[in-house]
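Dear colleague,

I am passing on the structure below, and my notes on what was found in it follow directly after. Please read them with the model open.

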Amino acid sequence: MQPLFYACQGIRYRKLDVILTTSIEKLGKVGETVKVAPGYFRNHLMPKLLAVPNIDKFAYLIKEQRKIYQPKEEEVQVVTKNMEDKSKVYEKAAYRLLNGRLVLRRSINVEKFRAQSTKDDPIELRSPVTKDEIVAEVGRQLCVQIDPENLHLPTPLETFGLFDVQLRMPKCMC
């Protein structure tokens with residue numbers, strides 16, 4: 001066998017080291033050095049600026065760009081609310097709840113409505129109104145977030161009409 005024959009095959013299977021400037025799904029992430037075929041680099045990666053040759057000049061530039069454009073982690077300062085701020089928030093919420101009116105739309109139980117003997121009998125709803133539904137509607141209509149534990153509703157509302165629902169103000173968690 002001739003050694004020159006094998007030397008020629010090496011040119012065909014040669015790979016280039018390149019530095020990726022953008023992440024490519026099947027190749028690698030930004031800044032990684034990968035080996036690719038010369039034709040792939042010349043015809044696809046280099047014209048679209050997806051990669052640069054792995055030489056010292058480009059490696060230094062990529063490293064400096066990373067320092068500049070790398071998002072720096074900022075320290076988050078937690079602002080603690082004092083008792084006055086919390087009490088003001090609670091007062092605003094209480095004022096909104098006191099002067100606000102909550103409207104829930106429900107269908108009535110038609111069979112029981114037709115069968116009622118007098119007009120003074122309460123009109124029953126098809127499905128009762130629960131604590132969770134009231135809490136969700138208060139948040140949506142009055143823009144006040146309350147916990148279901150703070151709402152005093154012994155039984156779900158099953159009849160049509162106006163109701164006063166008591167709300168316990170939460171204790172200060174300072």
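**Helix α6 and its surroundings**

In the predicted model, the buried residues of α6 (helices being DSSP runs of H or I with at least four residues, strands runs of E with at least two, numbered from the N terminus) are I134, V135, E137, V138, G139 and L142, where buried means under 20% relative accessible area with a 1.4 Å probe, protein chains only. Local features need pLDDT of at least 70 and side-chain atom pairs pLDDT 80 or more, while totals for chains, interfaces and linings use all residues. Residues are numbered from 1 along each chain as its sequence is written, and side-chain values use heavy atoms, with hydrogens and water left out.

The cover over the buried residues of α6 includes α4 (83-99), β4 (124-129), β5 (151-152) and β6 (157-159), contact being heavy atoms within 4.5 Å. Just after α6, C143 adopts a positive phi of about 60 degrees.

The largest nonpolar core (buried Ala, Val, Leu, Ile, Met, Phe, Trp, Tyr and Cys residues joined through side-chain atoms within 4.5 Å) has 12 residues, among them A93, L125, I134 and V144. Its largest share, 4 residues, comes from α6. Apart from this core lies another of 9 residues, including L20, I24, V34 and L50.

**The sheet**

Three strands form an open antiparallel sheet in the order β2-β1-β3, where two strands pair if DSSP finds at least two bridges between them. Its edge strands, each pairing on one side only, are β2 (33-36) and β3 (51-53). In β2, V34 is the bridge partner of V18.

Best regards

Definitions and conventions: Buried means under 20% relative accessible area, exposed over 50%, partly exposed in between (1.4 Å probe, protein chains only).
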